[in-house]
Amino acid sequence: MTTLEKMKILTDSAQYDLCDYVSHHKSSQVNLPGIYEAIGHNGCKIPLFKTLQTNKCKNDCKYCINQSKRNFTRLELSPEELAKAFLGYYNRGLVNGLFLSSGISSDVESTMENQIETVHLLRKKYGYDDYIHLKIVPGASKDSIKRAMALANRVSINIEAATPSGLAELSSTKDYNKDILKRLSWINNLQHKSTTYPNSTHTTQLIIGANNESDREILSRMEKIYKKSELKRTYFSAFTPVQETEFSNKESCSTDRTSKLYNADSLLNDYHYDVKELVFDNNDNLLLTQDPKILAAENMNIFPVEINRAPLIELIRVPGIGMKSAREIISIRKKIPFSNKEQLRKLGVVVDRAEPYIKISGEYQTTFDF
Ligand code: SF4
C-alpha cells in the first residue's frame, strides 16, 4: 500500500476528533486526504493536516470508528513516513499546521513514543517550527507528556464524559479518574508551573449524546475543571452512530444541543458564571430554543444595571454585552460618562438585546408594557 493510500484511511479515521479551533470541516479545495479547514475565533480559515499515526486500537470505546471490535483495514505510518507526508503538504502551502492523534495499538507508551518521534523529526531533523497539536492518550506517563508539551504548541486529552459512570457507559478499558483526569491535572500543572512550556496550551473534548449524562452534569464537570485549571477550551462532539459498533442503532445527537452547550460553556469559561446561574429543564438539559445568557439574566435580581457604575462582573451578565465591550465601557466612563445607547452601539454592544437590562445615567432604555 502506498503512503497516500495509507493516509486516506488514517485521515478518515481521524475526522471525529474536534479538538482544534471552533469548528472544522474537510476542505473541498484540494483533492488530497487529511486537509481540514479549522475556523479560528476571528472567523479565519486555517488549513490543518489532521491524521492518526495508527488506527489500530486495543480499546473498546463504543462510539468510535477505530474500536477494537470493528473489522476493517488497520495500519500505521512510521514517524518518518508521517513527517515526510506532512511536509509534502506544508511545503506546497496546502496546510498551516499538523493535528496528530492516534489509536492505542499495543501499549500506551509506544503509542506516545511514535507520536513524539514524528514531532521530534519535524522539529529537529526538518526544522519545522509552525503549529503542532498533539493528542495525549489516556494513561500516558508524565515523562511522555512532558516531552510532548516541549515539542507541541497545543496538547489535549479527551475527557469524553462528565463522570466516571458516564465514561463506563462508553468504554470498559479506560479509567476516568486515573487515566484521564489525573493526566489532565499533570498537563495543567506542567503548563502552569514550568517555564519549559511557555507556548503550550491545552484543550479537551466530550462526546455528547452517546451516554445518559445531562447538560447540567456536563457543565458541572467543566465548571470544576475551569476553576482548577487553565484549560483553553472544550469541544463538544455530537454523537453520530458508526456501523458495526454497539451504538450503531443509537440516535444521533443534534447539533442544536452541542450549540447550546457551547453557548453555556462560554459563560462558564469566558464570563466566569457558576452553573447554578444557568437555567435547565426538568431533565437537567439546556432549553434548545432559548439563549442561555438571556435565560440566566431573567433569573437574576441585579437588573437593570447602571452602565456608568456597574462592575465588570455585572456588565458581562447583560445580554448583548461581551467581555471586550464591557472592558471598553469601564475604560471610557472613567473619562466621560455614557449618556445614550448609540455610544454603546459604537462599541459593539447589541443594543436591542441589552436595553431591557440597563440604565444609562439613571434612565431606563426600554418602555415596559404591562
Ligand atoms: S482509545 Fe477509544 S476513542 Fe481513541 S481510538 Fe481507541 S477506541 Fe477510539
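This report describes buried helices, a strand pair and a ligand shell in a predicted model.

Local features need pLDDT of at least 70, side-chain atom pairs count only at pLDDT 80 or more, and totals for chains, interfaces and linings use all residues. Residues are numbered from 1 along each chain as its sequence is written, and side-chain values use heavy atoms, with hydrogens and water left out.

The table lists the buried residues of two helices (buried: under 20% relative accessible area, 1.4 Å probe, protein chains only). Helices are DSSP runs of H or I with at least four residues, strands are E runs with at least two, and both are numbered from the N terminus.

| Helix | Residues | Buried residues |
|---|---|---|
| H4 | 142-151 | Ser144, Ile145, Ala148, Met149, Leu151 |
| H11 | 323-333 | Met323, Ser325, Ala326, Ile329, Ile330, Arg333 |

The buried residues of H4 cover an arc of only 165° around the axis, which puts them on the same side of H4. The arc is taken from the directions from the helix axis to the C-beta atoms. They pack against helix H3, strand E5, strand E6 and helix H6, with contact meaning heavy atoms within 4.5 Å. Helices H10 and H12 are among the elements covering the buried residues of H11.

Strand E8 (residues 233-238) is largely enclosed by the rest of the structure, because 5 of its 6 residues are buried. Strand E7 (residues 201-208) runs parallel to E8, joined by 6 bridges; strands pair if DSSP finds at least two bridges between them. Isoleucine 207 has serine 237 in E8 as its bridge partner.

Around the ligand are Cys57, Asn59, Cys61, Tyr63, Cys64, Asn66, Gln67, Gly103 and Lys174, each with a heavy atom within 4 Å of it.

Note on methods:
Buried < 20%, exposed > 50% of the residue type's maximum accessible area, 1.4 Å probe, protein only.
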